[in-house]
Amino acid sequence: MRDLYVERLEQRRQSIADSKKRERTISITRLVLIGATLAIAFWNVWAALVPLIAFLVLVVVHERFVRARKRAESGAAFYERGLARIDDAWPGTGDAGTEFSDDHHPYGGDFDLFGRGSLFELLSVAVTPAGRGRLARWLKEPERDPAEIRERQAAVLELRENVALREDLAVTAADVTREVESAKLATWAAMPAVTLSAVERALAIALPLVTVPLALVTLPALIAKFVQMTNPELTLGVFAKFPSTPLLLALVVTFFFSRRLSPRIEPVVGAVEQAEPALALLAGVLARIEHETFTSPRLKTLHDRLRGETLPASEDIEKLRRLVALLDARRNQFFALFAGILLWTPHVALAIDRWRMRSGAHVGTWIESVGEIEALSSLSSFAFEHPSFVMPELVTDGPVFAARELGHPLIPANRRVNNDLRLDPTLRLLVVSGSNMSGKSTMMRSVGIAAVLAMSGGPVCARSLRLSTTQVGASIRIADSLQENASRFYAEILRIRLILEMSRNGPLLYLLDEVLAGTNSHDRRIGAEAIVRGLLERGAIGLVSTHDLALAQIAESLAPRASNVHFEDHIEDGKVIFDYRMRPGVVTKSNALELMRSVGIEV
């Protein structure tokens, strides 16, 4: 996959270079043609039209090359980001998704879902707000329906090799602005239809039919009168005597009639009147998807949603775009006067309203379909760029989380250490002990991220993973909050309360790091055991880590439903060395003193 990315990146860079060369040639040629036009005009005005027409043609051609270059630049950026992900140089190069972060989410901050170097940044190739939002929602709200997850998995596997589609979506959809997002257009589509009385409809047709002929007659008459005023000896006959009063009266009636319709018309056109470029891009995105042939059930369903009742979605959106373009013409300074006389805005607005009544309700569905395909494409890109990652197997008997060679996907492959782990109805709890920096927290995050990815429909960083669908709750990265006047310990117990409440609502995978570390050993021992017993009684499975070896006795008292595992280290040449391997049993030593000595603290 790396060779493919490199090859296509070079192709896009070559296209950029070729386009720039053509642009320079055309720019020079245009300057020459302008000079030729001016020079020839002194000799023969009509002959100067030849280089002038050639100049105008080159303006159009130049714009085409500019668009081609920008598209190639977007394609090059797509492959550059892909190579960064493959080479583990991606943090800070992609979409951090920070707006989706939630300090009170039951695991978002613990698993680095959002922010620089986050799971979202590693995954997302979505560019529309709908696609980004759909992917974020999948990561924050684990899917509990195995059938739904399997449909996503099948879609991801089908899209995995379709790099061209992912590139086209990223390039074409990059400029689809928020004006066409479903949240805004859904409100627009739900507005009541514009209603006109029979008299108003008649006036809307009759007024332009009266005003335009009057203008065609009155305006030349006014010009004739002006000419006669400057040259009294000139006789223009009865033509100059045509009265201007009928036209003025018609214009006044048209003005007030337009003002009468405005409160009903403007809300209809307000949401889309500036959206023509975005609508054109949206039509392009829809057309690109419509041209694909899919086989997996989920993708076929999404594809079918774009067909529309009478037209493909792309063609229907293109109709709206053309209407919006006509509406925008009213702002042209040369056409504005004629637009007022023709009642241009009401007539085009009514045409847009008819489109809205016919197809407006489908726009949100179309955009959401594009967004879901983008979210699936993000997971498929992740699968394509990490071929060693596996698609998990979903089981119905549970709760189960059984992984072989489970690793953390945010750690570079050359530094990642994988471990085996199993939780099931027999062994529900692992108490993880170990020294500082030995890998306890990383192991817990690996479990949590694998569960979230699996229930999103994506691959996981493991050789194999069997799991049942569960809720997920974690207390790993808890901090105090000055804004909320909460200490770290108070923030932790609030999170644990949330996790206990979640366990009452069905199967749960919980991950508690350094549980109750903010209190004394006596209270920690009693509180931790009560928390763990409560979770076990409700059928939850999970991991609890601790530095306090007294807490390791919890697993012994709860055996065989619980077991101790540990991470350890050793000293080489005065340095603490970690192998990040999880082993059975309780850790027998601590490295705290050695770590203090290693940074120069005398102890």
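What follows is a conversation between a visitor and a guide about how to read this structure.

Visitor: Before looking at details, what kind of model is this, and how many helices and strands does the protein have?

Guide: This is a predicted model, and the secondary structure of the protein comes to 19 helices and 12 strands. Of its 603 residues, 49% are buried, and the protein exposes about 29,200 Å², of which carbon and sulfur atoms supply 58%. When contacts between residues at least 6 apart in sequence are taken, 77% of them join residues at least 24 apart.

Visitor: How should I read a sheet, and in what order do the strands of the six-stranded one stand?

Guide: A sheet can be read by following its strands from one edge to the other. In the open sheet of six strands the order is β6-β7-β8-β4-β9-β12, and the pairing is mixed. The edges are held by β6 (471-475) and β12 (583-584), and each has a single partner strand, so one side of each is left without a neighbour in the sheet. Within this sheet, β4 (residues 429-434) and β8 (residues 541-546) pair in the parallel sense over five bridges, and Val432 has Ser545 in β8 as its bridge partner.

Visitor: Which helices pack on that sheet?

Guide: Helix α15 (residues 440-456) packs on it, touching β4, β6, β7 (508-512), β8 and β9 (562-567), and its direction makes about 155° with that of β7. Helix α16 (residues 488-503) also packs on the sheet, where it touches β6 and β7, with its direction at about 160° to that of β6.

Visitor: Since β6 stands at an edge, are its residues buried or exposed?

Guide: The general idea helps here: in a regular strand the side chains alternate between the two faces of the sheet. In β6, five of the five residues are buried, so the strand is largely enclosed by the rest of the structure. Both faces are covered, with Gln471, Gly473 and Ser475 buried on one side and Val472 and Ala474 buried on the other. The partner of β6 is β7, which runs parallel to it and is joined to it by five bridges; in that pairing, Ser475 has Leu512 as its bridge partner.

Visitor: What is the strand order in the sheet of four strands, and which strands are at its edges?

Guide: That open sheet has the order β1-β5-β2-β3, with mixed pairing, and its edge strands are β1 (393-394) and β3 (419-423), each of which pairs on one side only. Strand β2 (residues 401-406) and β3 run antiparallel and are joined by four bridges, and Ala403 stands opposite Leu421 in β3. Helix α15 packs on this sheet too, touching β2, β3 and β5 (464-467), and its direction makes about 115° with that of β2.

Visitor: How do I read a nonpolar core, and which residues touch the most other members of the largest one?

Guide: In soluble globular proteins, nonpolar side chains tend to be buried together. Here the largest nonpolar core has 103 residues, and those touching the most other members are Phe111, Ile317, Ile352, Phe401 and Leu421. Helix α14 (residues 344-385) gives the most to this core, with 16 residues. Leaving aside neighbours within four places in sequence, the contacts of Leu421 include Phe401, Ala403, Leu430, Met443 and Leu543. There is also a second, separate core of 23 residues, among them Ala528, Leu535, Ala540 and Ile554.

Visitor: How are aromatic rings compared, and what is the arrangement of Phe100 and Phe120?

Guide: A pair of aromatic rings is described by the distance of the centres and the angle of the planes. A search of the whole structure finds 10 aromatic pairs, and Phe100 and Phe120 form one that is tilted, at 5.6 Å centre to centre with 50° between the planes. Phe100 lies in the loop between α2 and α3 (119-123) while Phe120 is in helix α3, so the pair ties together parts that are 20 residues apart in sequence. Phe100 counts as buried at 16% relative accessibility, and Phe120 is buried with a relative accessible area of 0%. The rings of Phe114 and Phe120 are likewise a tilted pair, with their centres 5.6 Å apart and their planes at 50°. Elsewhere in the list of ring pairs, Tyr5, Phe78, Tyr79 and Phe384 are linked into a cluster.

Note on methods. Residues are numbered from 1 along each chain as its sequence is written. This is a predicted model: local features need pLDDT of at least 70, side-chain atom pairs count only at pLDDT 80 or more; totals for chains, interfaces and linings use all residues. Side-chain values use heavy atoms; hydrogens and water are left out. Two strands pair if DSSP finds at least two bridges between them. Helices (H or I, at least four residues) and strands (E, at least two) are DSSP runs, numbered from the N terminus. Contact means heavy atoms within 4.5 Å. Axes are lines fitted to C-alpha atoms, for helices over the stretch in contact, and angles run from 0 to 180 degrees between N-to-C directions. Buried means under 20% relative accessible area, exposed over 50%, partly exposed in between (1.4 Å probe, protein chains only). Accessible areas come from the Shrake-Rupley method with a 1.4 Å probe; for residues, only the protein chains shown count as cover. A nonpolar core is a set of buried Ala, Val, Leu, Ile, Met, Phe, Trp, Tyr and Cys residues joined through side-chain atoms within 4.5 Å. Rings of Phe, Tyr and Trp (its six-membered ring) pair if their centres lie within 6.5 Å; planes under 30 degrees apart count as stacked, over 60 as edge-to-face and the rest as tilted.
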